[in-house]
Amino acid sequence: MTETADTTGVSESAVRAAHEFRVVFSRLRRRMRESYDPGDLTPSQTSVLSRLDKDGEASVSDLAAAERVRHQSVAATVSVLEERALVSRRQDPSDGRRQLVFVTDSGHAFLEDRRRAGESWLTRALEDQCTESERRTLLEAAAILDRVVRS
């Protein structure tokens, strides 16, 4: 059974905008991913590496909970990232029985290269496909979406 969102009392334009933005953002993410070499990382490996980069060091158990996957799956993912020198481990100073996983300098550089490639592709696409007025409209829309996300 599929759950549907409760749109009672919501304008048709809000429903349509929500749908359109979801679809466009999914396409945008996919297209940006195509703009760089994934470096042979799986989506789950990329997700864990990005989460550590964004949220900071964490235990494998914490990562499993955050990623909503089994501990063993994250442990295997972390092992691959560690073999690639993208993450490393250290003892948790507050609990010597636990280890914390963190992104290495190589991991940060790997992620930055990916981000730069995606942004470079998008910059070129916006330059080539949009007018100055359309780019200003996109900037206004981004500010509105940021306000919505922060509410």
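Begin by selecting helix α1, residues 12-34, together with helix α5, residues 105-129, whose axes come within 8 Å and cross at roughly 115°. That angle makes α1 roughly perpendicular to α5. As you look at the pair, keep in mind that this is a predicted model. If you turn the view so that one helix lies in front of the other, you are looking at a right-handed crossing of α1 and α5.

Next, show the side chains where these two helices touch: from α1 select L28, R31 and M32, and from α5 select G118, E119, W121 and L122, since these are the residues that meet. Sorted by class, the contact of α1 with α5 has 4 nonpolar, 1 polar and 2 charged residues.

Stay with L122 for a moment, which has its place in helix α5. Leaving aside residues up to four places away in sequence, L122 touches L28 and M32. Is L122 buried, partly exposed or exposed? Its relative accessibility is 24%, so L122 counts as partly exposed. For a sense of distance, add R150 to the selection and draw a line from C-alpha to C-alpha: L122 and R150 are 28 residues apart in sequence and 24 Å apart in space.

Now go back to helix α1 and select F21 and F25, which both lie in this helix, 4 residues apart, or about one turn of the helix. The structure holds 1 aromatic pair. F21 and F25 form that pair, and the pair is stacked, with 5.9 Å from centre to centre and 20° between the planes. The two rings can also be described by how accessible they are: F21, at 35% relative accessibility, counts as partly exposed, and F25, at 40%, counts as partly exposed too.

The next stop is helix α2, residues 43-55, where you will find T46. Select T46 and look at what surrounds it: not counting residues up to four places away in sequence, T46 touches L41 and R114. Because its relative accessible area is 15%, which lies under the 20% cut-off, T46 is buried.

Keep α2 on the screen and add helix α3, residues 60-67, which packs against α2 at an angle of about 110°, with the axes 11 Å apart. Such an angle makes α2 roughly perpendicular to α3. To see where they touch, show S47, V48, R51 and L52 in α2, which meet L63, A66 and E67 in α3. The residues of this contact divide into 4 nonpolar, 1 polar and 2 charged.

Now hide α3 and bring in α4 beside α2, and you will find that the axes of α2 and α4 come within 10 Å and cross at roughly 80°. Here again the angle makes α2 roughly perpendicular to its partner, α4. Which residues meet in this contact? On the side of α2 they are S44, Q45, V48 and L49, and on the side of α4 they are T77, V78, V80 and L81. By class, the contact of α2 with α4 has 5 nonpolar, 3 polar and no charged residues.

One residue of this contact deserves a closer look, so leave the rest in the background and select T77, which has its place in helix α4, residues 71-83. When residues up to four places away in sequence are not counted, T77 touches S44, Q45 and V48. With a relative accessibility of 9%, T77 counts as buried.

The last part of the tour leaves the helices for two loop residues and looks at the backbone. Most residues other than glycine have a negative phi. Select R68, which is found in the loop between α3 and α4, and check its backbone angles: R68 has a positive phi of about 60° although it is not a glycine. At 78% relative accessibility, R68 counts as exposed.

Finally, move along to A85, in the loop between α4 and β1, the strand at 87-92. A85 also has a positive phi, of about 65°, although it is not a glycine. Is A85 buried, partly exposed or exposed? Its relative accessibility is 37%, and therefore A85 counts as partly exposed.

How values were computed:
Residues are numbered from 1 along each chain as its sequence is written. This is a predicted model: local features need pLDDT of at least 70, side-chain atom pairs count only at pLDDT 80 or more; totals for chains, interfaces and linings use all residues. Side-chain values use heavy atoms; hydrogens and water are left out. Axes are lines fitted to C-alpha atoms, for helices over the stretch in contact, and angles run from 0 to 180 degrees between N-to-C directions. Angles under 35 degrees count as roughly parallel, over 145 as roughly antiparallel, 65 to 115 as roughly perpendicular and the rest as oblique. A crossing is left-handed if the near helix is turned anticlockwise from the far one by less than a right angle, and right-handed if clockwise. Contact means heavy atoms within 4.5 Å. Ala, Val, Leu, Ile, Met, Phe, Trp, Tyr, Cys and Pro count as nonpolar, Asp, Glu, Lys and Arg as charged, and the others, Gly among them, as polar. Rings of Phe, Tyr and Trp (its six-membered ring) pair if their centres lie within 6.5 Å; planes under 30 degrees apart count as stacked, over 60 as edge-to-face and the rest as tilted. Buried means under 20% relative accessible area, exposed over 50%, partly exposed in between (1.4 Å probe, protein chains only).
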